[in-house]
Amino acid sequence: MLVWQVVTDTTVIFQPGERTRMEDATVTVSTEGDVATVTLNRPEARNALSKATAETLIDRFESVADSDARCVVLEGAGSAFCAGGDIDAMLEGVTGDQPPAERVELVVSSLHEAIRTVHSCPLPVVAKIDGPAFGAGAGLALACDLQVASTDGQIGFGFRRVGLASDSGVSYFLPRIVGPNKAKELLFTGELLNAETAHELGLFTQVFDAETFESEASELVEDIASGPTVALSHAKRLVNRSLDSSLEQALENEATAQGLAFTTADHEEGATAFVEKRDPDFRGQ
């Protein structure tokens with residue numbers, strides 16, 4: 001059972017017994033039809049990921065995964081998708097006497113758990129990028145299944161600018177998309193890519209004109225949400241597993257997934273609609 005609480009104009013999902021935080025409102029969830037939209041809501045900080053924000057993001061995704069949503073959109077409020085790690089926390093770590101190991105445990109571990117949670121969400125997750133996704137924010141975008149951007153969208157892996165190596169899954173996701181050599185170039189230079197270049201490299205799966213971005217992105221998301229939810233969940237898991245599987249393992253995983261999909265009402269509806277030459281009415285079951 002989900003408990004709903006309204007914060008200003010945004011609906012936020014809380015699970016019963018969920019721990020509360022001072023920064024709960026920094027990540028919000030709204031629902032419209034079958035689509036849940038998770039919003040990083042720190043526009044004044046360009047949606048930078050503090051430890052508390054990363055932990056709240058985990059809570060929100062866990063709530064959405066247990067809801068009736070059939071697709072998730074991840075976006076940032078204001079002019080940025082996500083500017084990366086919280087620079088104030090970085091400066092505090094530099095000027096304080098906290099050992100590096102403790103800083104990793106307190107900050108990076110929470111961020112990395114957020115990346116795992118987003119990437120492993122059973123529902124299709126679409127990153128909606130209408131501004132820069134930088135550093136950890138770029139890793140968060142790549143942890144999603146699709147990266148849909150406006151022509152104002154940008155992405156960069158500028159960890160070098162603050163004297164850091166990559167984190168947030170970038171060393172995993174980036175070379176799998178652009179290849180190891182290009183990945184190293186992007187990390188070595190910290191270049192901020194525009195939407196067209198990011199699309200050419202495969203970092204953005206779709207780019208829409210800024211004036212029509214909202215409507216075209218919504219149309220794509222609604223199309224995904226209207227699909228056979230169980231089958232799409234299996235398809236997502238199969239692709240994710242295939243990155244570290246042999247062909248034989250992938251075939252075995254496919255057989256298992258199809259065996260489960262065969263039992264769904266959506267498969268029956270899809271097969272029937274195909275024979276009857278009409279569009280299927282999938283219900284996500």
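Let's start with a word we'll need a lot: a residue is buried if its relative accessible area is under 20%, exposed if over 50% and partly exposed in between (1.4 Å probe, protein chains only). Helices (H or I, at least four residues) and strands (E, at least two) are DSSP runs, numbered from the N terminus.

This is a predicted model, in which local features need pLDDT of at least 70 and side-chain atom pairs count only at pLDDT 80 or more, while totals for chains, interfaces and linings use all residues. Residues are numbered from 1 along each chain as its sequence is written, and side-chain values use heavy atoms, with hydrogens and water left out.

**Exercise 1. Get an overview of the chain.**

Step 1: Count the elements. You should find 11 helices and 11 strands in the protein chain.

Step 2: Check burial. The chain has 285 residues, and 43% of them are buried.

Step 3: Look at the contacts (heavy atoms within 4.5 Å). Take those between residues at least 6 apart in sequence: 65% of them join residues at least 24 apart.

**Exercise 2. Trace the six-stranded sheet from edge to edge.**

Step 1: Write down the order. It runs S3-S4-S5-S6-S8-S11, an open sheet with mixed pairing; two strands pair if DSSP finds at least two bridges between them.

Step 2: Find the edges. S3 (27-32) and S11 (206-208) each have a single partner strand, so one side of each has no neighbour in the sheet.

Step 3: Check the twist. On average, neighbouring strands are turned by 20° against each other, direction ignored. For this, axes are lines fitted to C-alpha atoms (for helices over the stretch in contact), and angles run from 0 to 180 degrees between N-to-C directions.

Step 4: Zoom in on the S3 edge. S3 pairs with S4 (residues 35-40) in the antiparallel sense over 6 bridges, and Val 29 has Val 38 in S4 as its bridge partner. The two strands form a hairpin with 2 residues between them, and Gly 33 in the turn has a positive phi of about 65°.

**Exercise 3. Is strand S6 enclosed or open, and what flanks it?**

Step 1: Check each residue. In S6, 5 of the 5 residues are buried, so the strand is largely enclosed by the rest of the structure.

Step 2: Sort the side chains. Val 125, Ala 127 and Ile 129 point one way, Val 126 and Lys 128 the other, and all are buried.

Step 3: Visit the partners. S5 (residues 71-76) pairs with S6 in the parallel sense over 4 bridges, and Val 73 stands opposite Val 126. S6 and S8 also pair in the parallel sense over 4 bridges, with Ala 127 opposite Gln 147 in S8.

**Exercise 4. Explore the second largest pocket.**

Step 1: Know what you're looking for. On a 1 Å grid over the protein atoms alone, a pocket is an open set of points with protein on both sides within 12 Å along at least five of seven lines, and lining residues have an atom within 4 Å of a point.

Step 2: Note the volume. About 440 Å³ of space lies in this pocket. Its lining has 22 residues, and Cys 144, Asp 145, Leu 146, Val 239 and Asn 240 are the closest to its centre.

Step 3: Identify the contributors. Strand S6 (125-129), helix H4 (136-143), strand S8 (146-150), helix H5 (170-178) and helix H9 (229-242) each supply at least two lining residues. H9 gives the largest share, 5 residues.

Step 4: Sort by type. The lining has 15 nonpolar, 4 polar and 3 charged residues. Here Ala, Val, Leu, Ile, Met, Phe, Trp, Tyr, Cys and Pro count as nonpolar, Asp, Glu, Lys and Arg as charged, and the others, Gly among them, as polar.

Step 5: Take a look at Asn 240. This residue lies in H9 and is partly exposed, with a relative accessible area of 22%. Beyond its neighbours within four places in sequence, Asn 240 is in contact with His 119 and Tyr 172.

**Exercise 5. Examine two loop residues with positive phi.**

Step 1: Recall the background. Most residues other than glycine have a negative phi.

Step 2: Go to Asn 47, in the loop between S4 and helix H1 (51-65). Its phi is positive, about 60°, and at 1% relative accessibility Asn 47 is buried.

Step 3: Go to Ser 168, in the loop between strand S9 (154-156) and H5. Ser 168 has a positive phi near 60° and is buried, with a relative accessible area of 0%.

Methods
1 Å grid on protein atoms, 1.4 Å probe; cavity = no way out; pocket = protein on both sides within 12 Å on 5 of 7 lines; lining within 4 Å. Points joined across faces, edges and corners; volume = space filled by probe spheres on them.
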